[in-house]
Amino acid sequence: MVGDGSATPVLEVRGLSVRYGPALTVLRGVDLEVPAGAIVALLGPNGAGKTTLLRALTGLLPFHHGRVTGGEVLLEGDPVRRTSASALVRRGMAQVMEGRRIFAELTVEENLRAGAVTVRDRRRVVAVMGETFEMFPQLAGRRGDQAGYLSGGEQQMLAIGRALMSSPKLLLLDEPSLGLAPRITEQIAERIRVVGAAGTTVLLVEQNAAMALAIAETAYVLQAGQVAMSGPAAVLRDDSDVQRLYLGDG
Amino acid sequence: MDKFLQLLLSGVALGGIYALVALGFVVIYKASGAFNFAQGGFVTLGVYLVYQFGTDWGLPFWLALVLVMIIMAAVGMFLERLVIRPMVGKPTFTVVLITLGLLLIIEQVVRSVWTSPGLVLEVPWGNGRSRLGEVTLRHSDLWTMVAGAALLAAFFVFFRYSRTGLGMRATALDQEAAAAQGISVARSFAVSWAVAAGVAPVAGVMLVSRGGGALSPAIGFVALAAFPAMILGGLDSAGGAVLGGVLIGLAEIMSQGYLDVSWLGSNVEVVVPYVLMVLVLLWRPEGLLGTRRVERV
């Protein structure tokens, strides 16, 4: 396998450490690998550092006065630890942020166009927008509406659709099930599965372990800033610790 | 009726000037959510530079104007990089105070560079007037309306259809989420300052030309009269800036022409725009065309 181009993971994290301000260390030597075409889940309790890891991967730490103090991030084998957020999107990384963070005052269509801001070819933007509306038919009928008036589930679909507008190789999702009814969460999970099946590599951060383990092939468990467990999703599903801690089997 | 038409024309033209100034404020507010007091300074510096290149050094007026627009755009970008960019992430209030400082500095620079009194800006339309029936049309007013309409159209197309314009709107709403889409927040800020400073000389030329061409370093403060226009129209709306500008211009001129409140003292028309502003804010806090904050229940 060594030297085989197809074996290079889309994302590789080696010994990543992150600190906020002068003293608050949030991640300590995190190792993680997302193979091409896979759906990988990242589980863990509140405050474990999941969101911080995504910020570190996507260049958003400066917005939170955080910085990477050690380790490396490789995107398709290239080091990108110091690459800016906008350059990372250009290189094929897109994300759905925690809390959706859609532009509430812009229309649905403008939100999607904002997701395609790195795409120069207008015809391509139109084509991808068409695909997005096919994938999320609920959004198509409301393209001219202010996005803030969509329901929570629709906003989450818009956030996913917006991230897909740049046709990313790697899609990072932060708690897409947060605050959604179980029925809606199922719909979202199904869409993520479709995105993965279409060839986009996915890193899914979730507190809803049942949902994440159902659609992921591999999973990592983050605890207090370190990887506490990792392995095939099926194995973690049956692990007694995971069941006790995250799947609610007291 | 003729008096009314005359006042209407005059009011719309004055409103056009307010609108031109307000557009500069709006473009920066739209990208950064900060109110840029230095815009008044850009207006002053811009019109003095047009005087320097055109009237003093003899370049054709239109060439001088375009040249100064480019220079001012560069000045705007430079100042943004120098004193605003380091403040990213700091409270908006701090940024606003810095822009107030910039306004005072620019005014002082203008005073020290152009020391001779009584400078007069020459414009191609001079003090020309045409008669349309019983109504007199000042050529400077005509050009103001043309420039206002053209710039508004350009702004509309830019913010609605261009990637940069959309990126700036997204940046104003949520900087981090904008960055997550690949929008360069730094670039959005730089472009907004370039555009705001770039249109300032046009507003300055119109303002000075309406007053007969006499230059004064205090023009920047006159430009702040565009303040109610912008609040009235909605801080983040280019269309609102123009609507607000025209309404304020009309209110000022009409009250000057018709309102007999001499018992309140003279110059009541100066207060009218602010009264109008307060009334509109009570009714619609986001301004006439400003973006309504989305609130779901």
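**Two chains and a six-stranded sheet**

Modeller: In this predicted complex, 25 residues of chain A are in contact with 18 residues of chain B.

Biologist: What makes two residues count as "in contact"?

Modeller: Their C-beta atoms, placed from the backbone, must lie within 7 Å. On the side of chain A that touches chain B, helix 2 (85–90) and helix 3 (108–115) of chain A each supply at least two residues. That side divides into eleven nonpolar, eight polar and six charged residues. Here Ala, Val, Leu, Ile, Met, Phe, Trp, Tyr, Cys and Pro count as nonpolar, Asp, Glu, Lys and Arg as charged, and the others, Gly among them, as polar.

Biologist: Which ground rules apply to the model and its labels?

Modeller: Residues are numbered from 1 along each chain as its sequence is written, while chains are lettered from A and ligands numbered from 1 in the order in which they are written. As the model is predicted, local features need pLDDT of at least 70 and side-chain atom pairs count only at pLDDT 80 or more, whereas totals for chains, interfaces and linings use all residues.

Biologist: How confident is the predictor in the complex, in terms of ipTM and pTM?

Modeller: The ipTM is 0.92 and the pTM 0.86. For chain B the mean pLDDT (the predictor's confidence in each residue, from 0 to 100) is 88, with 97% of its residues at 70 or more.

Biologist: Which elements does chain B have?

Modeller: Chain B has twelve helices and two strands. Both are DSSP runs numbered from the N terminus: helices are H or I of at least four residues, strands E of at least two.

Biologist: Why is chain B called as compact as a globular protein of its length?

Modeller: The radius of gyration is taken over C-alpha atoms, and the globule rule is 2.2 Å times the number of residues to the power 0.38. For 297 residues the rule gives 19 Å and chain B has 19 Å, so chain B is as compact as a globular protein of that length.

Biologist: Back to chain A. What order do the strands of the open sheet have?

Modeller: The order is 6-7-8-3-9-10, six strands with mixed pairing. Strand 6 (93–96) and strand 10 (226–232) of chain A are at the edges with a single partner strand each, so one side of each has no neighbour in the sheet.

Biologist: How do you know that strand 9 of chain A pairs with strand 10 of chain A?

Modeller: Pairing asks for at least two bridges found by DSSP. Strand 9 (residues 218–223) and strand 10 of chain A share six, in the antiparallel sense, so the pairing condition is met. Among the bridge partners, A:Thr218 stands opposite A:Pro232, and A:Ala219 has A:Gly231. The two strands form a hairpin with two residues between them, and A:Ala224 in the turn has a positive phi of about 45°.

Biologist: What joins strand 9 of chain A to strand 3 of chain A?

Modeller: Four bridges, with the strands running parallel. A:Ala219 appears again here, as the partner of A:Ala41.

Biologist: And why is strand 9 of chain A called largely enclosed?

Modeller: A residue is buried if 20 or more other C-beta atoms lie within 10 Å of its own, exposed if 12 or fewer, and partly exposed in between, with C-beta atoms placed from the backbone. Five of the six residues of strand 9 of chain A are buried, so the rest of the structure largely encloses this strand. In chain B, buried residues make up 51% of the 297.
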